[in-house]
Amino acid sequence: MSEQIEQAIAREYEAGFVSDIESDTFEPGLDEDVIRRISEMKQEPDWMLEWRLQAFRSWQKMAEPDWAKLGYEPIDYQTISYYSAPKSMKDRPKSLAEVDPELIRTYEKLGIPLHEQEMLAGVAVDVVFDSVSVVTTFREKLAESGVIFCPISEAIRKYPELVKKYLGTVVPRTDNFFAALNSAVFTDGSFVYIPKGVRCPMELSTYFRINELNTGQFERTLIIAEEGSHVSYLEGCTAPMRDENQLHAAVVELVALDDSEIKYSTVQNWYPGDENGVGGIFNFVTKRGVAEKNAKISWTQVETGSAITWKYPSCILRGDNSVGEFYSVALTRSRQQADTGTKMIHLGKNTTSTIISKGISAGNSSNTYRGLVKMGPNADGARNFTECDSLLIGDTCAAHTFPYIESANPTAIVEHEATTSTVSDDQLFLCQQRGLDIEKAISMIVNGFCKDVFKELPMEFAVEAGKLLEISLEGSVG
Amino acid sequence: MSQWLANVIDRASSVNDWLSPVRQEALTRLKSTSWPTRRTEEWRYTSLHALANLTLNEATNSKALAEAPVVSNLNSIDIVFVDGVPATDLTALNLPAGLTIHSLANASEAIQQQASKVFNQVKPDAHLFGLVNDALALQGVFINVAAGVQLEQPIRVVNLVSAGIESHNRVLVNLGANAQATIIEHGAGQGNSMNTAFAEYVIGTEAKLEHYRFALHGEEAIHIGGCHFKMGESSRLNSTIVGYGSQISRIDTDVVHAAEHALAKMNCIYLLGPKEHFDLHSLIEHVVPNGTTEQNARGIVGDKARAVFSGRILIHRDAQKTLAELHNRNLLMSRGAQISTTPALEIYADDVQCAHGATIAEIAEEDLYYLQARGISRKQALIMLNFGFIQELVSQMPNKALAAWLEPLLRERFATMESE
């Protein structure tokens with residue numbers, strides 16, 4: 001099997017290309033001036049600038065975390081450019097027709113023609129190309145039901161009260177090193193507001209792309225679901241091939257008020273670096289949601305890209321009867337390193353959480369699940385079920401599981417299970433006997449291993465996720 | 001650095017004996033080690049605050065010949081230490097052929113040579129209190145079981161501590177090829193004391209070790225120690241650790257599968273009352289292929305007590321065909337009690353089967369109802385169910401005399417525990 005597998009591994013990253021668009025990029029380096037300029041370019045109010053500066057000052061005093069099972073050269077934050085905007089964007093386009101055709105071609109290469117997507121999938125796409133949101137579709141349709149879906153820079157100008165009320169309430173400025181950095185320099189991201197009792201009429205989706213050489217991408221997303229509302233948000237990303245490590249430090253905050261539901265799905269396929277570990281995205285993400293009474297937050301992620309993944313989408317189950325879910329597939333190959341998992345903090349009574357994590361490691365990669373389940377003293381009748389399984393393909397990869405379980409309530413119940421195994425020769429033999437080639441067989445076995453997570457993905461995303469995993473799988477089996 | 005550690009370094013600097021080179025090395029490391037805080041991963045859930053500024057005396061000679069706790073029908077060879085000072089005349093012991101027991105304090109050159117093959121050969125050198133023990137354990141025993149010797153009589157090292165005294169001692173055990181032995185480390189004592197006790201075991205090819213460690217100290221005590229095992233080819237280990245919890249009670253139990261086809265079975269029981277704290281850390285390391293490990297830790301935590309379990313299975317790249325399982329089950333009995341458990345897997349080999357599981361729960365209402373419907377009082381039913389949970393591991397202890405002695409002790413302790 002080894003020869004075929006090696007061929008499969010040698011496969012190149014499919015989304016790897018660089019679009020040639022003139023950009024307006026800051027000189028590398030970070031100081032208060034850079035932050036003032038970012039804020040100025042975004043035409044932000046003073047309070048926002050002050051907020052950024054305070055974050056920056058805290059960040060300067062913080063140390064980069066080193067507890068994750070990740071090895072990488074220290075990042076020099078002064079060699080990174082903190083702002084990059086496609087030039088032709090200075091006068092905002094009014095419609096797709098006004099968008100730089102080069103950009104449109106980029107999306108077409110990625111297989112997401114906007115027009116088609118608009119009609120076929122019924123998905124509103126807020127496209128982020130480097131740091132400025134290029135176009136937002138379906139805005140009118142959403143506005144009819146009172147839903148706000150716009151770039152966060154626009155929200156800061158148009159809905160300052162909402163942003164002021166919620167920004168930093170879930171992930172405080174000083175939460176961690178990367179969140180503080182993001183708070184200081186974030187350039188764009190999405191803002192979603194679902195009014196009371198509204199069920200968002202369509203799935204909301206954002207495509208991210210990192211394009212400029214050496215520009216960190218610092219997205220900031222804030223989703224607010226008012227009482228009794230419902231929203232499903234999809235996030236997918238793919239980046240062109242580069243030899244330099246690119247830093248990505250995003251923050252996502254979810255506010256799920258009483259009886260509301262937020263479903264957040266991610267397919268992440270940043271450039272993972274080549275087979276020697278050169279290049280690739282460094283992805284340090286802070287994602288967290290607060291669920292109030294009877295609210296539900298559900299995270300689903302399919303992580304196939306990035307050289308370094310540092311990501312722990314979490315739920316703070318503050319309200320009674322609130323529900324948190326985390327479904328994850330993390331696939332690493334070549335020299336990829338992933339340290340990912342979740343935190344479920346049970347504070348309210350009768351809160352429940354489910355964690356299903358599937359890690360697949362191949363090549364020389366390292367895949368770590370790190371999670372925390374915490375039952376607070378008032379979490380009467382709270383319940384958690386965790387299952388994390390690892391699949392090792394090849395004898396040079398590594399799979400780790402580091403769950404932290406804390407309980408301070410005698411009526412709370414926590415169950416944790418973890419297994420580690422390999423694709424056995426018996427399984428392969430069985431499939432091959434039935435006429436499947438080895439690649440198909442492995443793909444089938446791995447897909448079966450992940451099915452508990454895939455079934456949680458929204459329909460609109462399932463096709464994309466399946467395709468991504470298939471491509472990654474072909475290149476990851478060894 | 002804490003005041004206590006500064007004192008340790010101060011005292012250890014003047015020690016001069018055959019282990020001085022080792023002690024000096026430990027001292028150098030200690031000087032560069034920072035005092036653990038809540039941010040130190042290894043001490044995340046165990047605060048050393050109570051120890052930081054503690055000053056206790058060291059005993060110089062054994063005050064009273066305290067009686068070792070009696071275990072009927074055990075018929076063991078007892079070696080008793082009181083506050084770290086030997087209370088047993090080792091030379092007067094009547095030992096079966098093939099068994100030698102020597103004091104570390106006045107070991108002959110030949111014994112020094114043998115003991116050096118165990119001393120610090122198994123214990124990891126990163127453990128702060130292991131280093132303290134390296135530097136300050138002037139007393140200890142070296143137990144050697146010659147190849148092929150199968151001992152019927154268990155050997156019991158009793159470690160009694162008393163209020164106001166700080167003590168450090170060490171147990172070194174070498175089990176020759178095909179040898180078989182039962183070794184019991186029995187720690188007990190009341191009052192505000194501080195004790196470190198580390199034991200290292202080298203288990204030879206096809207040798208069998210039955211091991212017990214009882215950390216039955218009072219609630220005011222501070223006890224920090226470890227038992228570390230190195231498994232030879234096709235060797236067998238059956239270890240049972242029982243802990244009561246104290247002001248600080250921390251035990252590290254580590255197993256290294258250094259040769260193939262070894263089997264380690266490890267059980268642990270903890271039963272914590274009032275404000276007791278018990279912290280069990282375990283690292284099972286599979287370095288070579290075809291090893292098997294089975295670990296079961298179960299605990300009941302009542303009142304305002306806190307239990308910490310950190311179990312890590314580390315499988316190296318070459319350790320293919322490893323079977324390793326780790327289970328930690330806990331019952332929380334009352335509000336105010338806390339449990340933190342971190343069962344971790346670290347795996348670098350692909351053809352292995354590993355699993356871990358952890359649960360924290362209370363007794364199910366249905367189970368209680370079932371018993372109550374049969375005329376058993378709720379209180380009695382609770383005791384039956386909770387205790388049954390622990391008793392399963394007690395009944396797995398191969399030494400029946402020990403099991404018979406331990407069961408009523410645990411049952412009595414359980415009956416006094418606060419529950420809701």
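Which residues of H11(A) are buried? Before getting to that, keep in mind that you're looking at a predicted model. The buried ones in H11(A) are A:Ala441, A:Ile442, A:Ile445, A:Val446, A:Cys450 and A:Val453. The helix itself covers residues 438–454 of chain A, 17 residues in total, and spans 22 Å from first C-alpha to last, close to the 24 Å expected at 1.5 Å a residue. If you trace its axis you'll come across a kink of about 40°, centred on A:Gly448.

Now zoom out to the chain that carries this helix. Chain A has twelve helices and 24 strands. Of its 478 residues, 56% count as buried. Take the contacts in chain A between residues at least 6 apart in sequence: 85% of those link residues at least 24 apart.

Next, head over to where the two chains meet. Here 29 residues of chain A are in contact with 32 residues of chain B. On the chain A side, strands E22 (383–393), E23 (398–407) and E24 (413–422) each supply at least two of the touching residues. By type, that side of chain A splits into 15 nonpolar residues, ten polar and four charged. There's strand pairing across the chains too: E24(A) is joined to strand E20 of chain B (residues 353–361) by seven bridges, and the two run antiparallel. To find the register, start from A:Val414, whose bridge partner in E20(B) is B:Ile360.

B:Ile347 is a good residue to click on after that. Setting aside neighbours within four places in sequence, its contacts include A:Leu392, A:Ala398, A:Ala399, A:His400 and A:Thr420 from chain A, along with B:Ile315, B:Val352 and B:Cys354 from chain B. B:Ile347 also turns up in the largest nonpolar core, which has 230 residues; together with A:Val192, A:Ile223 and A:Ala256, it touches the most other members. As background, nonpolar side chains in soluble globular proteins tend to be buried together.

From there, move into chain B and look for strand E10 (residues 208–217). Nine of its ten residues are buried, so E10(B) is largely enclosed by the rest of the structure. What does E10(B) pair with in the parallel sense over ten bridges? That would be strand E8 of chain B, residues 180–189, and one bridge to look for matches B:Ile184 with B:Tyr212 in E10(B). E10(B) also pairs with strand E12 (residues 236–243) of chain B, again in the parallel sense, over eight bridges. In that pairing, B:Arg213 has B:Ile241 of E12(B) as its bridge partner.

E10 and E12 come up again when you follow helix H8 of chain B. The buried residues of H8(B) pack against both of those strands, as well as strand E14 (263–272), strand E16 (292–301) and helix H7 (378–395) of chain B. Among the residues of H8(B), B:Leu402, B:Leu406 and B:Phe414 are buried. H8(B) runs over residues 400–416, and its 17 residues reach 25 Å from first C-alpha to last, close to the expected 24 Å.

Last stop: B:Met194, which sits in strand E9 (residues 194–203) of chain B. B:Met194 is buried, with 23 other C-beta atoms within 10 Å. Leaving out neighbours within four places in sequence, B:Met194 is in contact with B:Leu51, B:Leu54, B:Leu56, B:Glu166 and B:Ile222. Compare that with B:Ala207, 13 residues away in sequence from B:Met194: C-alpha to C-alpha, the two are 34 Å apart in space.

Conventions:
Residues are numbered from 1 along each chain as its sequence is written. Chains are lettered from A and ligands numbered from 1 in the order in which they are written. This is a predicted model: local features need pLDDT of at least 70, side-chain atom pairs count only at pLDDT 80 or more; totals for chains, interfaces and linings use all residues. Two residues are in contact if their C-beta atoms, placed from the backbone, lie within 7 Å. Helices (H or I, at least four residues) and strands (E, at least two) are DSSP runs, numbered from the N terminus. Ala, Val, Leu, Ile, Met, Phe, Trp, Tyr, Cys and Pro count as nonpolar, Asp, Glu, Lys and Arg as charged, and the others, Gly among them, as polar. Two strands pair if DSSP finds at least two bridges between them. A residue is buried if 20 or more other C-beta atoms lie within 10 Å of its own, exposed if 12 or fewer, and partly exposed in between; C-beta atoms are placed from the backbone. The expected span of a helix is 1.5 Å times one less than its number of residues. The bend at a residue is the angle between axes fitted to the seven residues ending there and the seven starting there. A nonpolar core is a set of buried Ala, Val, Leu, Ile, Met, Phe, Trp, Tyr and Cys residues joined through C-beta atoms within 7 Å.
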